[in-house]
Each structure stands twice: as structure tokens, then as C-alpha cells.
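Reader: I have the model open on my screen and would like a friendly walk through its interior. Could we start with the nonpolar packing and then turn to the rings?

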Amino acid sequence: MNLDSHRTQLVLTALAASAVTAGLFSAYHEHLKRKKRRTLDQDILRSLAGSTGKRKGARNAEGSEDDEHHEVHIGGSNVPRDVPIEYDEELIREQLARNYAFFGEDGMAKIRKGSVVVVGCGGVGSWAAVMLARSGISKIRLVDFDQVTLSSLNRHATATLSDVGTPKVKCIERVLKQISRVVEVEACIDIWRKESGGDLLAGADWVIDAIDNITTKVDLLKYCHENNIKVFSSMGSGAKCDPTRVQISDISLTLYDPLARSVRRRLRLEGISSGIPVVYSTEVPGDVKLLPLPEEEFQKGNVKELGVFDDFRVRILPVLGPLPAIFGLNIATYVLCELAEKPIPNPLPVKSRKKFNERLSRDLQKREEKFLGHQINKLPLDEDDLGLIFDDLYRGRSARPPYPVPERPALVRWDPNEPLSLMNCVAFEFPDAEKHLQECLLAKKRPEEVWGEEVVQVVRRRREEARKVIEWVM
């Protein structure tokens with residue numbers, strides 16, 4: 001390139017001018033953005049301070065400052081400001097902008113008119129309440145008799161060290177009012193009871209059941225079902241660690257969750273078999289148990305007397321903090337979508353293998369009939385049990401090395417001297433299952449002779465896992 005060329009100099013001058021112009025435009029736009037930001041900050045401060053002068057220093061009956069004021073920090077300032085309950089509609093829409101973008105005007109109008117009662121304000125209920133308030137729900141009633149403890153802090157959405165010893169509902173109420181200026185929070189330090197619980201549910205569009213106690217849980221679900229109150233129930237989040245196993249389904253379709261199993265059975269006795277959405281986990285817990293009480297506590301007498309209320313558990317179930325949060329967020333999402341009339345269209349179940357399990361059942365029943373020598377009407381294991389054996393105990397693989405994923409999976413009784421059960425059923429490739437039937441069950445050969453010690457050791461380990469499942473779930 002010839003720099004002395006007149007043409008080259010013109011090109012370079014044009015490029016330099018373009019760069020300068022672009023820089024000026026960029027600087028001008030940045031200046032406008034900063035100016036608009038300052039103007040917005042000033043508008044926010046004016047809006048928030050509009051009625052503060054009249055209300056500042058107001059005291060309630062106990063002599064404390066009016067509950068309708070809350071300290072917040074605006075625009076990065078370290079100076080706390082009193083915020084009145086009045087809140088400009090434009091600011092509300094800005095705060096809920098992402099929700100408006102998702103649900104639209106009609107959906108958000110329904111959400112903002114929504115009233116939700118949260119019964120049980122621990123790890124699950126607190127997270128559900130927080131996300132409902134963040135999403136624009138206008139009325140939230142919190143019901144719980146319990147107080148924050150140090151052990152609550154690993155899973156509670158709002159509790160801090162300074163809240164230990166205070167009611168859970170008050171702890172949540174304080175934070176919800178710091179999050180939203182449009183939410184009305186009613187904190188009820190109370191226990192829900194079927195005899196008098198109707199008042200606590202009055203006016204609710206949805207009730208969230210996050211109760212630990214099974215008797216109270218069933219009573220609440222029955223009351224809501226009989227009185228046509230929409231209710232969403234949380235099953236057991238304790239002793240779980242796999243977030244991929246958490247799912248939403250109808251109570252009638254729950255699998256493996258011991259709390260869900262007990263609730264389902266009790267509801268059936270009350271004539272309720274379905275119609276209640278729940279969040280639960282299909283995870284089968286490993287080596288986790290209720291923490292034991294010291295022997296001296298039993299020596300004091302009936303351990304129920306150690307609890308705050310009869311029937312509420314005294315011993316502690318291990319809980320990994322994120323799991324209750326995941327349960328609570330599932331609940332909040334479901335309720336918001338229902339209120340907006342934009343329901344989750346097709347919830348994806350973790351287990352979607354009904355036909356597969358039915359085939360496993362048919363094949364196993366044929367083998368059992370050949371072994372027993374007569375026709376049987378029903379296996380002692382249902383299709384969910386067979387899915388548990390194949391998917392969870394045997395990891396979807398054959399018990400025979402090199403442990404392939406079977407092209408045609410099959411289940412068969414392992415020990416001919418024991419009844420068919422979770423512990424006495426093994427997964428094989430179809431030809432291997434037929435071989436086991438002929439040689440081990442009918443010809444009475446020992447499994448070690450047919451399959452070798454390695455397979456026997458695998459089956460022993462799976463039997464031990466099945467024993468733990470029975471102790472936990474059954």
C-alpha cells in the first residue's frame with residue numbers, strides 16, 4: 001500500500017472519521033443510558049418517599065414502628081429507607097416483568113389476585129412461599145406452630161441465626177414483605193386440626209400441604225377434597241439426594257416413596273383414590289435412618305411426651321438441604337401455572353415403563369406357573385415392584401457377567417426354597433432366565449454350579465439392597 005497516494009490518504013481519512021463518529025455515537029448512547037438510570041432512580045425514590053413523611057415514626061400498639069414500613073437499599077445505597085405499603089403500578093410491573101413476559105397480561109392478572117395458604121412452613125413450605133411472593137401472589141397465609149432451630153438453617157428459605165427461637169411463620173413473613181410490596185401476609189402461629197381448621201383455609205384458591213405429620217396431612221387432604229378446595233401435597237424429601245428422581249404426579253401414581261404409600265393407603269380408606277397432585281421422589285434411600293434417641297430419653301417414659309404435640313415425630317430424619325427446596329419450587333411452579341390457567345401440559349414421569357413392566361410381569365408369571373406346576377391368578381409382586389427390581393436393584397442390566405443391557409430382559413425366582421419376593425427375584429437375559437428355570441428351579445441344581453460364584457455374589461449384594469428397600473418403603 002502506497003501511503004503517499006492521494007487515494008490511500010482519502011480512504012484512511014474516511015476510516016478514521018467513521019471510527020470517531022462511531023465512538024461519539026457510543027459515548028452519546030452511554031450518556032443517555034446513565035441519564036435515564038439516574039432519572040429512574042430519582043423517580044423510584046420519590047415514589048417510595050411520597051407518603052413516608054406522614055407515616056414516619058408511626059407506632060403500633062406495642063410501641064414498635066408501624067409494620068407497614070420496611071428497610072430496603074435502593075440503587076446500591078447503603079442507607080436504609082422506609083418503604084410504605086403503597087407501591088406504584090409501574091414499579092410492580094417492572095419487578096414482575098419476567099413473569100409478565102411468560103404468563104402474559106391475563107395470566108398475571110389471575111396470579112396477582114391469587115390467595116394461597118401454606119400449611120407447614122419448614123424446608124418445603126418456606127421455599128414455596130418465597131417463590132409465590134416473588135411471582136406476584138397477592139395473599140399468602142402461613143400456618144405453622146413450630147419455631148426456627150439451629151438445625152432448620154440447612155434447608156429453610158428465610159431463616160438466619162438471628163431467627164433461631166422465633167416462629168417460622170414470622171420469619172417468613174418478614175422476608176416476604178421485604179421481597180414484595182403487594183403481598184398481604186398473614187402469619188398464623190397455629191397447628192391445623194380437622195375440628196377447627198376450616199377458618200385457616202378460608203378464601204384460599206390453593207392450599208399447599210407441607211406437613212410432616214401423616215395423620216394431620218391426611219386430615220388436611222381429606223378436608224380439602226371434601227370441600228372442593230384445591231390442594232397440592234408434598235411427600236417425603238427426607239433421606240433423598242437425587243434431584244433427577246423428583247417428579248409431580250397424582251397421588252395414585254406415586255412409586256417407592258414411603259410417605260406417599262402411607263398417605264395413599266389412608267386416603268383410600270377415606271374413599272379418596274386420586275385427584276390430589278403431589279411432588280415426590282422415586283429415589284430409594286440408601287443407608288439413612290431416623291437418628292436414634294438416647295436410651296435415657298426412653299427411660300423417662302412415653303417418648304411421645306417429648307414432642308410438642310402428640311403424633312408429631314420426635315426423632316430426626318436426615319435431610320439434605322437442597323431437596324426440600326426443590327420440592328418447594330416444584331410446588332410453587334405448579335400452583336402458579338394453575339392459577340394463570342397455563343397448566344403444565346404433559347408432566348414427564350420419571351418412570352414411564354408401564355408396558356415394559358407389564359411384559360416382565362407376564363413372563364415371570366409363566367415361569368412361576370411352570371415352576372409351581374399349576375396356574376396362578378396373581379403374582380405376589382406388582383408391576384411397580386418388578387420395575388424396582390430391574391431398574392433400581394439391577395440397574396437395568398443382567399446379573400450375569402459382563403452385565404449387559406438385555407435385549408429381552410426377564411425376571412426369574414432365584415432360590416426355589418424361598419417365596420418369590422423383592423429379595424428373591426433376579427434379572428437376566430431371556431435365554432438365561434429360561435436356563436435358570438430349567439436347571440436351578442426344576443432340576444434343583446445349586447446356582448453356583450450353573451452360574452459361578454461371581455453371579456452369586458452379585459445376587460447377594462442385590463438381595464441386601466432389596467432388604468433395605470423393604471425396611472424403608474414397606
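Reader: Which residues touch the most other members of the largest nonpolar core, and which helix gives the most to this core?

Author: Happy to help, and please keep in mind that this is a predicted model. The largest nonpolar core has 66 residues, and the members touching the most others are V119, L201, V207, V263 and I389. Six residues of this core come from the helix spanning residues 453–473, the top contributor, and that is helix α15.

Reader: How many residues are in the other core?

Author: This core lies apart from the largest one. Among its members are I111, V116, V130 and L142, and its size is 43 residues.

Reader: What kind of aromatic pair do W206 and Y334 form?

Author: Both residues are buried. W206 belongs to strand β6 and Y334 to helix α10, so their pairing ties together parts 128 residues apart in sequence. The ring centres are 6.0 Å apart and the planes meet at 85°; planes over 60 degrees apart count as edge-to-face.

Reader: Why is the pair of F232 and Y334 called tilted, and what is the angle of the planes?

Author: F232 sits in strand β7 and Y334 in helix α10, 102 residues apart. Their ring centres are 4.9 Å apart. Stacked planes are under 30 degrees apart and edge-to-face ones over 60, so this pair falls in the tilted class, with its planes at 55°.

Reader: Which ring does the charged end of R408 sit over?

Author: Two charge-over-ring arrangements are worth a look. K342 lies over the face of F102, 4.0 Å from the ring centre. For R408, the charged end is 3.7 Å from the centre of the ring of F430.

Conventions. Residues numbered from 1 in each chain as written. Predicted model: local features only at pLDDT ≥ 70, side-chain atom pairs only at ≥ 80, totals over all residues. Heavy atoms only, no water. Core = buried A, V, L, I, M, F, W, Y, C linked by side-chain atoms within 4.5 Å. Buried < 20%, exposed > 50% of the residue type's maximum accessible area, 1.4 Å probe, protein only. Helix = DSSP H or I, 4+ residues; strand = E, 2+ residues; numbered from the N terminus. Phe/Tyr/Trp six-rings, centres within 6.5 Å; stacked < 30°, edge-to-face > 60°. Lys NZ or Arg CZ within 6 Å of the ring centre and 35° of its normal.
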